[in-house]
Amino acid sequence: MKKLYISADIEGTCGIAHWNETEKGHADWAYFAAQMTREVAAACEGAFDAGFDRVVVKDAHDSARNLNPMDLPRGVELIRGWAGEPFCMMAGLDKSFDGVVFTGYHDAAGRDSNPLSHTMTTSAFSVTVNGEVASELMINSMIAAYVGLPVYAVSGDLGLCEWMRSKCPGTRTVAVNRGMGAAVQSMHPQEAASAIREAVRLGASQPGQTSLYPLPDRFDVRICYREHAKAKRNSYYPGMRMTEPRTLAFEHTDFYEVLRMMQFCL
Ligand SMILES: [Zn+2]
C-alpha cells in the first residue's frame, strides 16, 4: 500500500495577500479556506493518479481547522487540530509513508517574496539554521528527511519554489503566487489546482528522481525575536544562549532536540 503525507498551510494559497484572509472567522477567510481545500484535494487526486492508495492530510495552519473534509476525495484522512508534539506541522508522519507533499506554503521570515512570509510565528524577525534563513518548508523538509522520506512536490509562492529547487532539484514545484511588496500576482485558482495535481502525479510516480532534503550533522539555530521580552523568557529553555537582547542561539546534533526547542520557543 502506498501512502502519501500532505502538510497544508494557507499563506501560500493561490491569490492570498493579507493576514485577514488567513484568520478563521474573518469574513475574508472563507474563500481562501475553500481554495486551500481545493489545492489539497488536487494534490490528493494527483497521488491517486500516481497509484497511491491512501493520503493523510495535516491541516497545518493556525487553528488547524481550515480544510473542509467533505470537499476532499474519499481515501483521504485528515488530521485537524494540534497534537502538541515536536513534529508540529508534520504531526503523524512516520516511516509507514512513502513521501511528502506541501501545499499552500510560504517563504521564510525576512524574505520579500510573499506579503505573509514568516517562520512558525510572527513573533520572530528571523530564524536561521547554520547561517541560512529557515522557512517552515526547510524545517519540515528536514523532518521528512529525518524520517527518511522524499518531498515529491511543493506549492506556494515563487520565492519558496525557487529556493526548494536549489535544494532538491527533483522536487516538483508549483508557484501559484509571485509576491510584490504587499501584493501578489497569482495564477487562476482552478489552473493552480490543475498544476498541483499534475506536479504531485509526476513527483509521486517518479520517486527515484527526488532526493532527500540534505540533513546536516550539527544544527546551529539562531532566533531573532521582535520583542526582547520574549527572547528573555525563552533564554531559560535548556541549552539556550542569549547572544544579543533579542537573539537566542541553540546548538545540537540531534534534530529532534531542535524540533523540541522550536515547539516551545517559536
Ligand atoms: Zn499558516
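This is a chat about the strands, one glycine and the two domains of a predicted model.

Student: What kind of model is this, and how are residues numbered?
Tutor: Residues are numbered from 1 along each chain as its sequence is written. The model is predicted, so local features need pLDDT of at least 70 and side-chain atom pairs count only at pLDDT 80 or more, while totals for chains, interfaces and linings use all residues.

Student: OK, where is glycine 181?
Tutor: Glycine 181 is in the loop between strand S8 (172-180) and strand S9 (183-186). Strands (E, at least two residues) and helices (H or I, at least four) are DSSP runs, numbered from the N terminus.

Student: Is glycine 181 buried or exposed?
Tutor: Glycine 181 is exposed, because 7 other C-beta atoms lie within 10 Å. A residue is exposed at 12 or fewer other C-beta atoms within 10 Å of its own, buried at 20 or more, and partly exposed in between, with C-beta atoms placed from the backbone.

Student: And what about S8, enclosed or not?
Tutor: Seven of the nine residues of S8 are buried, so S8 is largely enclosed by the rest of the structure.

Student: What do S8 and S9 form?
Tutor: They form a hairpin with two residues between them, and glycine 181 in the turn has a positive phi of about 60 degrees. The two strands run antiparallel and are joined by four bridges. Two strands count as paired if DSSP finds at least two bridges between them. Methionine 180 has alanine 183 in S9 as its bridge partner.

Student: Which strand pairs with S8 in the parallel sense?
Tutor: Strand S7 (residues 151-157) does, over five bridges. There, glycine 156 stands opposite alanine 175 in S8.

Student: New topic. What is the strand order in the open sheet of five strands?
Tutor: The order is S6-S5-S10-S12-S11, with antiparallel pairing. Strand S6 (132-133) and strand S11 (241-244) are the edge strands, each pairing on one side only.

Student: How many bridges join S5 to S6?
Tutor: Two bridges join S6 to strand S5 (residues 124-129). Valine 129 stands opposite glutamate 132 in S6.

Student: Last one: how is the protein divided into domains?
Tutor: Domain 1 takes 3-121 + 135-209, and domain 2 takes 219-265. These bounds come from an automatic or database domain assignment. The domain centres, taken over C-alpha atoms, are 26 Å apart.
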